[in-house]
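Hi everyone, thanks for having me. Please pull up the sequence and the 3D view, and we'll walk through them together.

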Amino acid sequence: MTTAANPRATRPQGLPRAGDAGGSSRSGIAPLKDNHYALLQVVLFWAGAILLPLGIVVIVLGWYGAANTPYQWDQMSYVVSGGMLGLGLTFVGGFLYFGAWLARIAADGRESSKRLADTLLVLAEVTATAARTDEQGHDVGAIPVVAGGGTTMHRRDCALIAHRDDLAPVGEDNAHLATCRVCRPTARR
């Protein structure tokens, strides 16, 4: 029985998952360890989250200082230190936010690529299984055959006889035939 709480239960266990390192799953203890892209996104986000409002605060402090001094030469230092530095911090913070957004888009793209690869692996496995079986569900590649008038019994999918067109199925009287050492067919007696 599959449940919504366990999404891995819906996928057959024997099929590989793209991006899995040996089938191990993350435990969630240290989600950013060995995940440099997610770490980059978090660092860019928090740097932008600090610098953008800090730049606005520096601009407001520069305006307040310039507005409350009567001397023009004193106002210039507030404009340069508060206004220009604040603008720089605001722009850098905005660009870091933008970088965090791009890193998130890239991570989403990687995740969707992994899902697509998983789907293609499942589709390839289903297609390969369907191509190897006949209407009764027997594995066509496992049918023992003999090439021409030969004395060696092979599987139909053996690499040694893959190029041959004169294959004939092995009958009931196959005691005189030797088995191939490459594919090792099982004869039906």
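I'll start with the overall layout, then move to the helices and a patch on the surface.

One thing to keep in mind is that this is a predicted model. The chain has 189 residues, and 19% of them are buried. Follow the chain and you'll find two helices and four strands. Starting at the N terminus, the order is α-α-β-β-β-β, so to speak, helices before strands.

How do the contacts spread along the sequence? Take contacts between residues at least 6 apart: 51% of them join residues at least 24 apart.

Now look at helix 1, residues 36-67. Its 32 residues reach 46 Å from the first C-alpha to the last, close to the 46 Å expected at 1.5 Å a residue. Which residues are buried in helix 1? Among them are Leu44, Gly48, Ala49, Gly55 and Val58, and further along come Gly62, Gly65 and Ala66.

Let's turn to the outside. The accessible surface of the chain is about 13,700 Å², and carbon and sulfur atoms account for 64% of that. On this surface, Ile59, Val80, Met84, Leu87, Phe91 and Phe95 make a nonpolar patch of about 630 Å². Helix 2, residues 72-132, gives the largest share of the patch, with five residues.

Let's pick one member, valine 80, which sits in helix 2. Is valine 80 buried or exposed? It counts as exposed, because its relative accessibility is 52% and the cut-off for exposed is over 50%.

That's my tour, and I'm happy to go back to any view.

Conventions:
Residues numbered from 1 in each chain as written. Predicted model: local features only at pLDDT ≥ 70, side-chain atom pairs only at ≥ 80, totals over all residues. Heavy atoms only, no water. Expected span 1.5 Å × (residues − 1). Buried < 20%, exposed > 50% of the residue type's maximum accessible area, 1.4 Å probe, protein only. Contact = heavy atoms within 4.5 Å. Areas by Shrake-Rupley, 256 points an atom, 1.4 Å probe, with all protein chains shown as cover. Patch = residues over 30% accessible without salt bridge, like charges linked within 9 Å, V, L, I, M, F, W, Y side chains within 5 Å. Salt bridge = Lys/Arg side-chain N within 4 Å of Asp/Glu carboxyl O.
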